[in-house]
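Please follow the strands and the nonpolar core of this structure, which is a predicted model.

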Amino acid sequence: MARYTGPATRISRRLKVDLVGGDQAFERRPYPPGQHGRGRVKESEYLLQLQEKQKARYTYGVLERQFSRYYKEAARRPGKTGENLLQILESRLDNVVYRAGLARTRRQARQLVAHGHFTVNGVKVTIPSYQVEKFDIIDVRPKSLQMLPFVAAKESFGDRPIPGWLQVVPSNLRILVHQLPERAQIDVPVQEQLIVEYYSK
């Protein structure tokens, strides 16, 4: 199971967006890392497109080959390719767990899914990239409900807004997927049109 395990703050500073969430080091030094970080860098059109692609990749914890596959799948679907791409990324099981407030970060959500703490429609799923569908029901396995991350999720339920395409039952941490997300419901700091331009070269 490949994933990026390097320093997240370094990537955040390079891409000029807080990918961790509440990262104090990112706020303290709002310039790229390295000895030439404060130097002026000419921002070409290609650089801006590449940065948007990297933002999406690191936000959702996806490696290059998988992201490229997602883009090809989005291009095959009817509608706008950029919006389709974001919808595919948002529909990953680890992201749904994060959006529902059952994990503090996407990295934690990925780990919880990989360790087998969730079922989708009654079937145990251990693949973080599993694509949820409309009307899917995601449950925490009964044996896992007393674990610290889920106890903390119950206590802090409501601290973070839950998107309208999901519904969470706080008593048993059940997630109901009412629909697949639309672009207006996806609040990630990414300009998907630049990603489309990057892959269209």
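Between β3 and β5 the pairing is antiparallel and runs over two bridges; within it, I138 has I175 of β5 as its bridge partner, and I137 stands opposite L176 in β5. On β3 there is also pairing with β1, again in the antiparallel sense but over three bridges, and here I138 serves as the bridge partner of V120.

These pairings belong to an open sheet of five strands, ordered β2-β1-β3-β5-β4, in which the pairing is antiparallel. The edges are occupied by β2 (123-124) and β4, and because each of them has a single partner strand, one side of each is left without a neighbour in the sheet.

Several residues of these strands also take part in the largest nonpolar core, which comprises 24 residues and in which L93, V97, L102, F118, I138 and I175 touch the most other members. The elements contributing two or more residues to this core are the helices α6 (93-99) and α7 (106-114) together with the strands β1 (118-120), β3 (137-140), β4 (166-169) and β5 (174-177), and α6, with four residues, gives the most. In soluble globular proteins, nonpolar side chains tend to be buried together.

How F118 is placed can be read from its contacts: leaving aside residues up to four places away in sequence, F118 touches V97, L102, L112, V113, V123, K124, V125, I138, D139, V140, R141 and F150. Apart from the largest nonpolar core lies another core, of 16 residues, including Y60, Y70, I88 and L89.

Technical notes: Residues are numbered from 1 along each chain as its sequence is written. This is a predicted model: local features need pLDDT of at least 70, side-chain atom pairs count only at pLDDT 80 or more; totals for chains, interfaces and linings use all residues. Side-chain values use heavy atoms; hydrogens and water are left out. A nonpolar core is a set of buried Ala, Val, Leu, Ile, Met, Phe, Trp, Tyr and Cys residues joined through side-chain atoms within 4.5 Å. Buried means under 20% relative accessible area, exposed over 50%, partly exposed in between (1.4 Å probe, protein chains only). Contact means heavy atoms within 4.5 Å. Two strands pair if DSSP finds at least two bridges between them.
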